[in-house]
Amino acid sequence: MTLTPHARTDSDHAALGVVPRWTDAFGIVRGVAARTGETLAARFRPGAAGADVVIATPGRWHPRLYGTIELEDGGTVRADGYVDRPGYHRLTGDDGSTRLLLAAPEQLPQPPCAGGLAVQLYAARSRDSWGIGDFRDLALIARSAAARKAGVLMVSPVHAMAPVIPAMNSPYSPASRQWLNVLHVAPGDAPGAERADLSDLAAAGRALNARRHIDRDAVTKIKTAALERVWAVTRRDEPAEFQAWADERGADLIAFATWSVLAELYGGDWRKWPERYRHPQTAAVAAFTPAHADRIRFHMWCQWVADRQFAVACHSGVTVCVDVAVGFDFGSADAWQHQDLLAFDFEVGCPADPWNREGQRWALPPFDPFLLAAAGFAPFTALIRSGLRHAGALRIDHVMQLWQLFWVPVDGDVADGAYVRYPVDALLAVLRIEACRAGAWIVGEDIGTVAPEVRETMAAIGMLGYRTEMGRLSRFNPAGSMGAASTHDQATIAGILTGSDEADMDRIGKSYDPAFIAGVRRELCEQAGVDPAGELGADRVHDVVLAEYRELAASPSRVVVATLDDAAGVSERPNMPGTVDEYPNWRIALPAPVEELLAAPLARDVLATLADRPS
């Protein structure tokens with residue numbers, strides 16, 4: 001007789017941290033597919049939950065705070081219901097049990113009322129760029145925005161990418177969220193660059209600016225060669241600053257640099273490497289590190305150069321708000337380093353909705369929430385801490401990741417996916433500890449279908465929501481939000497007005513609702529007093545863009561940003577969702593050097609409008 005698996009109930013799933021039932025974008029109540037439920041039940045064994053965590057507010061009584069607290073700095077104090085110092089402590093109870101104690105301030109820091117720009121850094125090239133926008137360009141944009149009394153600059157992810165060719169184009173599929181993208185380094189500004197002849201490489205790099213589409217493979221070759229030349233003349237006398245910086249970052253930096261060298265030798269997916277190198281703790285990796293010490297040190301030095309240049313940009317007169325991607329590639333450095341905490345039989349995605357009828361799968365492995373807790377949330381802490389090392393704010397992409405993620409079986413369909421809950425209270429406590437230490441504010445990207453309790457909690461702790469509304473709907477934005485007219489996945493204002501975005505979608509065969517787009521175009525034109533049936537040349541685009549951002553500036557949102565694409569009158573959107581090669585996603589540079597665009601009347605007027613907001 002064949003035994004069939006036990007049919008799991010809603011309470012069974014809930015006990016495992018799996019959402020038993022949820023309502024999709026079409027109003028249909030969904031459950032957990034039987035096969036998925038069994039796979040998750042095998043992974044999330046009842047009673048195998050991770051660390052028992054005590055989350056407390058400094059100065060407020062907590063019923064579990066009795067015992068001895070080993071403070072983060074090594075000291076010990078007796079706890080009688082209270083803890084006074086924020087941080088990561090260990091609590092040994094009177095019964096002898098030991099727990100992680102997260103002592104977190106109740107509220108996140110708040111930004112002043114401000115306006116500014118949202119920038120796709122790779123696209124924002126200056127005259128001196130080497131084919132791609134870099135950290136020197138970011139500093140230039142920040143100084144220019146500050147001179148026009150802007151207060152914030154939101155930047156696309158600057159996470160590290162694999163040092164391989166073909167290079168990854170999407171900044172949302174990084175090799176590591178803890179380190180920086182070396183393609184954004186300006187090699188000529190690296191310490192010691194004056195001692196190396198880079199003239200031929202600089203000329204080749206600047207020649208790439210003549211192409212509208214960014215060639216990351218060419219950029220990688222040229223910038224790697226330039227940095228290697230500088231390293232060759234400086235490696236014998238490392239600056240004390242670099243040595244101290246590397247020592248402070250310790251094993252995590254060495255692990256990333258080791259992965260980078262292995263990736264250069266064997267490719268950017270560690271799962272395809274020789275078996276002996278597929279785990280960072282193997283004897284083979286331990287032997288590899290000293291055998292390739294100079295190349296590993298080179299990659300460490302590249303990160304130091306990137307960190308120095310990014311720090312300068314973040315202290316150039318405005319608050320830099322950096323976008324944090326929702327995950328990392330399966331073959332990435334982060335996946336290699338944290339593989340024991342990940343669920344490789346699933347990938348992160350989202351269920352079907354009216355815009356993506358098949359749903360989405362993002363090729364990002366999810367953290368096992370129980371194993372993440374058992375690790376003391378170390379990867380998440382490192383992510384937030386590194387993100388706020390220099391930036392004054394973070395935008396967390398798909399903020400629902402802190403509450404729950406949609407897990408899609410790698411060998412199944414999106415319809416087989418299930419929502420898995422995460423230890424949100426602990427993750428938010430970590431976020432508050434790190435943000436308060438850095439004096440930084442946080443934005444959570446909460447676009448789309450978000451459970452009411454998510455936005456309620458965000459508001460309660462002072463995390464800004466993210467609102468993208470064109471037209472008069474922005475007047476309904478909550479005060480605790482960052483307001484924008486669109487995202488990198490949506491059409492620009494010029495693209496809507498001129499019809500070029502529809503032409504792009506027609507060209508690649510992407511479906512859309514022409515009546516909806518016509519309605520948006522009509523509303524934008526009416527808002528500016530422009531006839532939508534008339535010719536929409538550059539002057540009319542100027543008027544409509546300015547009217548839209550005048551409306552946004554008057555919204556209740558605490559922070560508002562204009563995309564640099566809109567401020568430059570660009571018609572192409574940065575990314576066309578649901579496509580890979582059909583559209584040049586993440587490869588379209590701005591049509592002119594950024595210093596010219598920022599000095600043009602449209603950008604000048606948009607920035608003046610956003611800067612002139614009531615405090």
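## The nonpolar cores

In this predicted model, the largest nonpolar core takes in 173 residues. Within this core, the residues with the most contacts are L117, W301, L402 and M463. Helix α8, spanning residues 293–314, is the element that gives the most to the core, with 11 residues.

To get a feel for the packing, take a look at L402. Leaving aside residues up to four places away in sequence, L402 touches F380, I396, Y422, V424, L427, L428, L431 and M463. There is also a second, separate core, made of 13 residues, and C321, A393, W441 and M482 are among them.

## A nonpolar patch on the surface

Nonpolar residues turn up on the outside as well: W61, Y66 and Y82 make a nonpolar surface patch of about 330 Å². You can find W61 in the loop that runs between β3 (53–56) and β4 (66–70). W61 counts as partly exposed because its relative accessibility is 47%, and the range for that class runs from 20% to 50%.

## Strand β6 and its neighbours

Strand β6 covers residues 87–93 and is mostly covered, with five of its seven residues buried. On one hand, β6 pairs with β4 in the antiparallel sense, over four bridges. Here G67 has G93, in β6, as its bridge partner.

On the other hand, β6 pairs with strand β7 (residues 98–103), again in the antiparallel sense and over six bridges. In this pairing, R90 has L100 of β7 as its bridge partner. Together β6 and β7 form a hairpin, with four residues between the two strands. In the turn sits G96, which has a positive phi of about 95°.

## An open sheet of four strands

Further along the chain, four strands build an open sheet, and their order is β14-β13-β16-β17. The pairing in this sheet is antiparallel. At its edges are β14 (360–361) and β17 (418–421), each of which pairs on one side only.

Strand β13, made of residues 346–350, joins β14 through two bridges in the antiparallel sense. If you would like a place to start looking, C350 stands opposite Q360 in β14.

## Salt bridges

The model has a count of 39 salt bridges. One of them links D80 with R78, where the closest N and O atoms are 3.2 Å apart. D80 is partly exposed, with a relative accessible area of 46%, and R78 is partly exposed with a value of 46%.

Another salt bridge joins R211 and D215, with the closest N and O atoms 3.0 Å apart. Both ends can be placed by their relative accessible area: R211 is partly exposed at 43%, and D215 is partly exposed at 28%.

What does the salt bridge between R308 and E241 tie together? R308 belongs to helix α8 and E241 to helix α6 (residues 240–266), so the pair ties together parts that lie 67 residues apart in sequence. The closest N and O atoms of this pair are 2.9 Å apart. R308 is partly exposed, with a relative accessible area of 30%, and E241 counts as partly exposed at 45%.

Salt bridges can also be linked up: R43, D345 and D368 form a network of them.

Definitions and conventions. Residues are numbered from 1 along each chain as its sequence is written. This is a predicted model: local features need pLDDT of at least 70, side-chain atom pairs count only at pLDDT 80 or more; totals for chains, interfaces and linings use all residues. Side-chain values use heavy atoms; hydrogens and water are left out. A nonpolar core is a set of buried Ala, Val, Leu, Ile, Met, Phe, Trp, Tyr and Cys residues joined through side-chain atoms within 4.5 Å. Buried means under 20% relative accessible area, exposed over 50%, partly exposed in between (1.4 Å probe, protein chains only). Contact means heavy atoms within 4.5 Å. Patches are made of residues with over 30% relative accessible area and no salt bridge: like charges are joined within 9 Å, nonpolar side chains (Val, Leu, Ile, Met, Phe, Trp, Tyr) within 5 Å. Accessible areas come from the Shrake-Rupley method with a 1.4 Å probe; for residues, only the protein chains shown count as cover. A salt bridge is a side-chain nitrogen of Lys or Arg within 4 Å of a carboxyl oxygen of Asp or Glu. Two strands pair if DSSP finds at least two bridges between them.
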